[in-house]
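The exercises below concern a predicted model. Work through each task with the structure open, then compare with the solution.

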Amino acid sequence: MKKTIDLICAGEVLIDCIGQQTNATIAETTSYERFLGGSPTNVAMNAAKLGLSVELVASCGADGMGNFILDSLQKVKVGTQGVTQSETAATSIILVSKSTGTPDFIPYRNSDFLIESFQIPNEILQKAKIFHTTCFALSKNPAQKTILETAQLATQLGVKTSIDLNFSERIWPNRNEAKKVIALYLATDPFVKLSEDDCFRFFGKTQSESFILDYFHELGATTICLTKGKEGVILSDKIQGTIYQPALPVTQIKDTTGAGDAFWTGFLYAQLQQKKWEETLLIAQKLAVLKLQYLGALPSDLDIVNYLNQ
Ligand SMILES: Nc1ncnc2c1ncn2[C@@H]1O[C@H](COP(=O)(O)OP(=O)(O)OP(=O)(O)O)[C@@H](O)[C@H]1O
Ligand SMILES: O=C(O)C[C@@H](O)[C@H](O)C(=O)CO
């Protein structure tokens, strides 16, 4: 089978309403700006801006926000055949505080988890190189069942899986269920991205790096990337060992929302080109730094491939 699709992202498409007052809590924030969001959607948008062939599998409402979402995706040539617009559930919205650290958020979830298996036909899946999702997307059915089944099928079809374990108990209050579902996904040996904040929320307390890496390796992941914000990143590969890379300097942080998604897009982009781990991490960090300097998504009017080659 000819692999004509670089990446399928499945999961939440949302409207991020990002606060306009920097480092204010949500209670203190008085005005918000609308952005296209959702972690897998951000990865899809970024990847398309890098010239990859990308399909998004997601669900929004048949409403004004849903139309804005489809318009934005199509403008950068993200494939939208797998995006449905629900007639009964509105587009999901998240209020996010504007932060130079970890943003606070309030989710209003309506249609994002209405993802059904017909949205990812086998003919499309088998053409893909990577299938990516998130913990957020796995937190609710029918998206959970659809994504788990697709990941299992993906491995049989020679498609590499990937996951951003962006766990939050506010999105997925049943931590035991989350652990079981994540274990099923990790059995497909995905590339795993998680941040220190995700780990704290997932385990309910601070755990050592070796505990975290062993935990996810034992569930089946060969390659784990643990991002630590300005403290850099650790990549642990069961075969090749562990690499630490310090963070790149950033002159001015405008907004951190989506920095992890930019990082992961760079990681997948580099892996699609079979780059070595050090270069993969460098490309990932460069994209994250670029994103940190903008509010909202990566810029559309910049030659990002050229920026990465500098
Ligand atoms: N202050 C910073 N200075 C330099 N690089 C940073 C900084 N914050 C984030 N980064 C870059 O972004 C990457 C991802 O950040 P982080 O570890 O906070 O992940 P994340 O929590 O998934 O991000 P987010 O949820 O904010 O999108 C880091 O590995 C690093 O490359
Ligand atoms: O999908 C999420 O996890 C939240 C998004 O609303 C937001 O775009 C974000 O924080 C991305 O990391």
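**Exercise 1.** Give the strand order of the open sheet that 4 strands form, and state which strands stand at its edges.

*Solution.* Step 1: the order reads 3-2-6-7, and the pairing is mixed. Step 2: strand 3 (32-37) and strand 7 (105-108) each have a single partner strand, so one side of each is left without a neighbour in the sheet and these two are the edges. Step 3: from one strand to the next, the twist averages 20 degrees. Step 4: strand 2 (residues 14-19) pairs with strand 3 in the antiparallel sense over 6 bridges. Within strand 3, Arg34 is the residue opposite Cys17. Step 5: helix 2 (residues 64-75) lies across strand 2, strand 3 and strand 6 (93-96), at about 55 degrees to strand 3.

**Exercise 2.** Describe the open sheet of 9 strands, and identify the helices that lie across it or pack on it.

*Solution.* Step 1: the strand order is 5-4-1-8-9-10-11-12-13, with mixed pairing. Step 2: strand 5 (79-86) and strand 13 (241-245) pair on one side only, which is how edge strands are recognised here. Step 3: neighbouring strands are turned by 15 degrees against each other on average, direction ignored. Step 4: at one edge, strand 12 (residues 233-237) and strand 13 are antiparallel partners over 5 bridges, and Asp237 has Gly241 of strand 13 as its bridge partner. Step 5: helix 7 (residues 196-203) packs on the sheet and touches strand 9, strand 10 (191-195) and strand 11 (223-227), its direction making about 85 degrees with that of strand 10. Step 6: helix 5 (residues 143-156) lies across strand 1 (5-10), strand 8 (128-134) and strand 9 (160-164), and runs at about 155 degrees to strand 8.

**Exercise 3.** Classify the packing of helix 5 against helix 6 (residues 175-186).

*Solution.* Step 1: the two axes come within 9 Å and cross at roughly 25 degrees. Step 2: angles under 35 degrees count as roughly parallel, so helix 5 is roughly parallel to helix 6. Step 3: helix 5 makes the contact through Gln144, Ile147, Leu148, Ala151 and Gln152, and helix 6 through Glu177, Val181, Leu184 and Tyr185.

**Exercise 4.** Which residues come nearest to ligand 2, and how much of the ligand does the protein bury?

*Solution.* Step 1: 13 residues surround ligand 2, of which Glu12, Asp16, Ser39, Asn42 and Asp261 come nearest. Step 2: a polar backbone atom of Ser39 is 2.8 Å from an oxygen atom of the ligand. Step 3: polar side-chain atoms also approach ligand oxygen atoms, with Asn42 at 3.1 Å and Asn166 at 3.2 Å. Step 4: ligand 2 taken alone exposes 320 Å², and the protein buries 81% of that.

Definitions and conventions. Residues numbered from 1 in each chain as written. Chains lettered and ligands numbered in written order. Predicted model: local features only at pLDDT ≥ 70, side-chain atom pairs only at ≥ 80, totals over all residues. Heavy atoms only, no water. Pairing = 2+ DSSP bridges. Axes fitted to C-alpha atoms, helices over the stretch in contact; angles between N-to-C directions. Contact = heavy atoms within 4.5 Å. Near = heavy atom within 4 Å. Polar contact = N/O pair within 3.5 Å; in protein donor to acceptor, adjacent residues only side chain to side chain. Areas by Shrake-Rupley, 256 points an atom, 1.4 Å probe, with all protein chains shown as cover. Parallel < 35°, antiparallel > 145°, perpendicular 65-115°, else oblique.
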